[in-house]
Amino acid sequence: MNEKNKNINLQDILKTETFVPALVTGLLFLLTAWIIAFVHSRVMISFTGIGEVHQKYPLLYIFDILPLFFIAGTFLLDRRRIKEKSYFASRISESDARMNAMADFAKQIGEGNYLSELTISTDHDILAQSLLLMRDNLLKNYKKETEQSWIADGKETISDILRQYNKIDELSVSIIRTLVAYTRLIQGAIYIYDEGRKTLTSTATYAYNRRKYQSGEFRLGYGLIGQCAYEMEYIYRTEIPDDYVTITSGILGDQKPRSLLLIPLITDEKLQGVMEFASLEEKIPSITIDLLKELGEIIARTFFNLKNNQRTEKLLQESQLMTLELQENEEELRQNAEEMRATQEELKKSNEHLEKQIQEVENAQKRQYSLLENASEIIAIYDENMVMKYESPSVIKILGFTPEEMMSGKDIDRLTRKGETSMRNMFKQLLANPSEPVTIQYTYMKKNGQKIFLEATGRNLLNDPAIEGIIINSTDITERKRAEREERLKSKMQALSENSLDLIIRLSTVGQFFYANPIVHNFMDIDPKDLINKTLSEINISEVLLSYFRQTIDSIKSYPNKTSAEITIPAVIDGVQMDRIMSFAAIPEFNENELETILFVGHDITEAKQIEHEIQDKNRKIEDSINYAQRIQSSILPDIRSVREYLPKSFIYYKPRDVVSGDFPWFFTRGHDIYIAVVDCTGHGVPGALLSFVGYFLLNNIVDRDRKMTAAEVCDLLHFGVRKTLKQESEEAEARDGMDIAFCKVNHIDKELQFAGAHRPLYLLRNGELLEYKGDRKAIGGIPHRKKEEENFTNYSIKYKRGDKVFFFSDGLPDQLGGPEDKKYSPKRIRELILENKDLPVEKYSNLFAEDFELWKGDGKQIDDVLLIGIEF
């Protein structure tokens, strides 16, 4: 503290209330001591006496300085008190300043200045920290409200524009200009989707100057525009190819955008187009992306409505144009009709006379032709060499051939060998005995392929000058033959029904009994003879059976077709009353195309139903077990999402033939190594699935070891593990089960792919060429060859490059039968399909192979489990 401050402090001390009392108290003690000393020494009170008493009593010197001690003590105490007072005053002043600073800060926040800063330290100050937290929360809410207001204003602006235009091109230009200006992006474009051509065409651009991709049209799935449209998801990129797009400006020159945003225009899950935006900033604000995504559906809905309106307008214009053309053609036709009418009047008059003369001749010919055409027999005339000279027109109705076709050789070509022999024998007899007619019967194939029976009667009229040939009259006797056959079958049927265990009843359309076989007694407790000629209302039978007969009769009378039903009726079997399940067939019987009777045949299926229920119960239990096995198998197998965590560009096409599968994908990671395989176990369904569990857990145990192994070493260990598990190394081993495998080991650090295969290959697509790495010609597992030493699996090491694609699969895919010639799908077709689509992203191959597989299989059955895995590096 400086001298001035010291003086000021001393003056402050002198002004204190304790200084005077301390001084007085010290003087009182001094005077009291002096008075006592004067009294005790009996010295006169004087200045000299003061010296004497001090000499006599030296202790008085202490009392002499006692006032100074009082004053010094008081001085020190007051000085300390003043310092404390000054400290507290300083603290109070500092607190006032902090309070004023915080009050001013709170006032600025209240006035909306959320960017103001607190000028004082906030350490250990809860109130200051609370004010800062309040400011941050208010600023956050303010920003959120500002963003929401900005989005709402943008949507309202675009909505106003959408209501102003009715043409897509004009609307596209206005939308893209407004959005680029509103979002402060540097560039934008709109592409409209043509569903018929499957292309996207540019309809509006803003500040746009392409260098490489000059085409304004994109196919679905190609390029970023096509990819956005195909996936119907927005694409946001901050890594732009150097030659993708440039932005031309008089101020900026040519610059490449640093961020790109593509928004699909989708409404009702249908693509309408794509919007493209670019920015020179490193990132496009998330609020801008949110606004453009929300506007995408609104704009898509408007484009959809405008497309419909344009199609409607186009159809209306075409309709109006066609109406005008029809009116013009109608007028021209009317004029031509007038000219033709005049010409016809002249021709009519000249032809009427001629027609009358011709009509009489035609009528005579028609009567003769009609008689021959509608005759119930065919009249043919042959020469002696069995060559047809004439065939009556009735052959068309009876055989379906024209007379000309019959005369060209169809008369003999459509005969059976027996019929041709009968015909030749008839000619021989007629030539040998001209006066005696000969009749034969034979089958003939009509033009529609139907076989019929013909009866032919031949007469030798070679000497008749009007005929000069052998005349053959042929009649269709098919119906007569059928009636004779039915009569024979009816007699046999009568005998069979009498001895049948089925219930057989014939009822009329009014419910009258015409026939009942003996077994009826068991179900109706009535003698069959007592049923004949009685009606349903006159007999006493179970209500169920009575109701069935009546309903079936009514149904067949309305729709005369065969019906079937299962009903339960009471019966007496071997004297025991029981319910029996009957399967009834109701067969309508016709006479001259009119429903005459209904034949009811009831078969007792009670035991069959019981067996059926038992089988259904067993099948249900088996299905439950298989479904449970499928859930277990599905739970342990990898799905494509877990695989894509380590191999982002990959796919798995998995199609089991049955509920559970013998083929399974396998996936495992350890350190920097990724293991993935296609495993095809012997068989499919439940047996294959059981073997798949063996392979799955053996592979897990093999690769989950401390030492690193090549792909071939893993296959070797799996090979011996399967043999050991299935006990195939013993002399008595009979199980030849095993598995084929395509096994891959991937290391992204070393950029290495190792492959080993058992009967399965690996295809590598690199720079448009397809390379094949063949697996070894031996399986995993199986009974070992006792006299031949086995070789280890071959290990292929491939240094993969960016863009390489690999494919490996089970034999279910190439072995599938189908196609136009019912041949195998074949590895060749797989290779061709890969090469034909070499530029396709690897994830798209799954749908490609799935669609091609189904197309190849067609309506045929899948013969084996199918598994295909593809990876792009």
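K609 is buried in this predicted model, with a relative accessible area of 15%, and I would like to start from that residue, since it has a charged partner. K609 forms a salt bridge with E566, and the closest N and O atoms of the two are 3.0 Å apart. The pair brings together distant parts of the chain, with E566 sitting in strand β16, residues 563-573, and K609 in helix α16, residues 606-636, a separation of 43 residues. E566, for its part, counts as partly exposed, because its relative accessibility is 47%. The pair also belongs to a network of salt bridges that links E566, K609 and E612.

Staying with helix α16, let me turn to a second pair, in which R580 and E607 form a salt bridge with their closest N and O atoms 2.7 Å apart. Here too distant parts of the chain are linked, R580 lying in strand β17, residues 576-591, and E607 in helix α16, 27 residues away. R580 is buried, at a relative accessible area of 10%, whereas E607, at 41%, is partly exposed.

For a pair in another setting, consider E821 and K823, whose side chains meet in a salt bridge at 3.0 Å, N to O, and which are both exposed. In total the structure holds 27 salt bridges.

Finally, the largest pocket, which holds about 1,200 Å³ of space, is lined by 36 residues, with G223, Q227, D839, P841 and E872 nearest its centre. Helix α7 contributes the largest share of that lining, six residues, and the lining as a whole divides into 13 nonpolar, seven polar and 16 charged residues.

Methods. Residues are numbered from 1 along each chain as its sequence is written. This is a predicted model: local features need pLDDT of at least 70, side-chain atom pairs count only at pLDDT 80 or more; totals for chains, interfaces and linings use all residues. Side-chain values use heavy atoms; hydrogens and water are left out. On a 1 Å grid over the protein atoms alone, a cavity is a set of points where a 1.4 Å probe fits but cannot get out, and a pocket is an open set with protein on both sides within 12 Å along at least five of seven lines; lining residues have an atom within 4 Å of a point. Grid points are joined across faces, edges and corners, and a volume is the space filled by probe spheres set on the points. Helices (H or I, at least four residues) and strands (E, at least two) are DSSP runs, numbered from the N terminus. Ala, Val, Leu, Ile, Met, Phe, Trp, Tyr, Cys and Pro count as nonpolar, Asp, Glu, Lys and Arg as charged, and the others, Gly among them, as polar. A salt bridge is a side-chain nitrogen of Lys or Arg within 4 Å of a carboxyl oxygen of Asp or Glu. Buried means under 20% relative accessible area, exposed over 50%, partly exposed in between (1.4 Å probe, protein chains only).
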